[in-house]
Amino acid sequence: MVALDIDGTLVDHAGVMPDHIREAVARVLDARCPVVLSTGRGWSATQPIFDTLELPPGPAVCSNGAVLVNYPPFELARVATFDPGPVIRRVMELAPNARVAVEVIGAGYRLNRLFPEGDLSGEMRIETIEQLCAEPASRIIIRDPDVPQSEFVELADRLGMHGVSYAIGWSSWLDIAPEGINKASGLQQVCRQLGVRPKDVLAVGDGFNDVEMLEWAGRGVAVGDAAEGVKKHANHVTDTFANGGTSNELNRWFA
């Protein structure tokens with residue numbers, strides 16, 4: 001099985017997918033090897049990539065493992081949730097200007113303030129902090145484009161709450177999910193569904209939310225643009241995205 005992150009692995013940070021990546025994924029599919037998207041994106045932002053790659057019906061790991069989808073047709077296979085109230089209230093104490101989004105599976109987000117254009121997709125519904133705290137959540141996103149990334153790393157440390165896991169994203173972005181939920185836990189369930197052993201999985205990613213996946217897979221490959229803190233968890237580091245790192249790795253095995 002091949003497990004692929006999306007942003008920085010299949011598409012650049014403008015959301016553009018090069019033709020050589022589509023062609024490389026097509027070769028994997030031609031070899032009758034399952035390709036599973038494994039992403040921090042919600043399903044509404046994952047589906048266009050699934051469709052663009054013309055993947056056959058099957059699973060996708062979304063929201064950093066909190067949501068597992070079978071598609072097409074759309075079916076929720078698993079949703080992991082937690083009580084967002086304590087986390088959101090603590091974030092507001094430590095970073096009162098932060099933007100908070102609670103994922104609405106398959107639809108969009110409930111949020112206290114709009115995020116920068118292009119950050120999120122789907123329906124956006126503005127709510128009060130208390131409304132955001134009121135219902136179980138599969139994923140919370142904390143974002144403040146006006147502070148440096150280093151402050152967000154510190155924020156995660158200061159939150160220090162039990163029962164949740166943290167993933168530092170790009171550009172002052174913090175994902176919060178139920179404890180023990182990550183891309184690796186989602187892919188583990190997919191492996192059971194497809195009858196694949198983890199040691200027979202090739203995983204490619206570039207972000208801190210890919211670390212567990214890269215460690216778990218039989219072959220975990222970091223894209224060359226990844227931070228050193230990500231690369232050290234990979235079995236191999238391929239070329240940068242601009243130099244065709246993802247397609248080079250796929251073509252190594254499926255050309």
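**View 1. Aromatic pairs of the predicted model, with Phe 50 and Tyr 71 in close-up.** The structure contains five aromatic pairs, a pair being two rings of Phe, Tyr or Trp (its six-membered ring) whose centres lie within 6.5 Å, with planes under 30 degrees apart called stacked, over 60 edge-to-face and the rest tilted. Phe 50 and Tyr 71 make an edge-to-face pair, with 5.1 Å from centre to centre and 85° between the planes. Because Phe 50 belongs to helix α2 (residues 43-52) and Tyr 71 to strand β4 (residues 67-71), this pair ties together parts that are 21 residues apart in sequence; helices (H or I, at least four residues) and strands (E, at least two) are DSSP runs, numbered from the N terminus. Both Phe 50 and Tyr 71 are buried, that is, under 20% relative accessible area, where exposed is over 50% and partly exposed in between (1.4 Å probe, protein chains only). Trp 43, Phe 50, Tyr 71 and Phe 74 together form one aromatic cluster.

Residues are numbered from 1 along each chain as its sequence is written, and side-chain values use heavy atoms, with hydrogens and water left out. As this is a predicted model, local features need pLDDT of at least 70 and side-chain atom pairs count only at pLDDT 80 or more, whereas totals for chains, interfaces and linings use all residues.

**View 2. The open sheet β3-β4-β5 and the helices in contact with the sheet.** Three strands, in the order β3-β4-β5, form an open sheet with antiparallel pairing, where two strands pair if DSSP finds at least two bridges between them. Since β3 (58-62) and β5 (75-79) stand at the edges with a single partner strand each, one side of each has no neighbour in the sheet. From one strand to the next, the twist averages 25°. Between β3 and β4 there are five bridges, and Val 61 stands opposite Leu 68 in β4. Helix α2 packs on the sheet, touching β3 and β4, and its direction makes about 135° with that of β3; contact means heavy atoms within 4.5 Å, and angles run from 0 to 180 degrees between N-to-C directions of lines fitted to C-alpha atoms, for helices over the stretch in contact. Helix α6 (residues 183-194) lies across β3, β4 and β5, at about 170° to β3.

**View 3. Surroundings of Asp 225.** Asp 225 sits in the loop between β13 (219-222) and α8 (228-231), and counts as partly exposed because its relative accessibility is 47%. Leaving aside residues up to four places away in sequence, Asp 225 touches Thr 240 and Phe 241.
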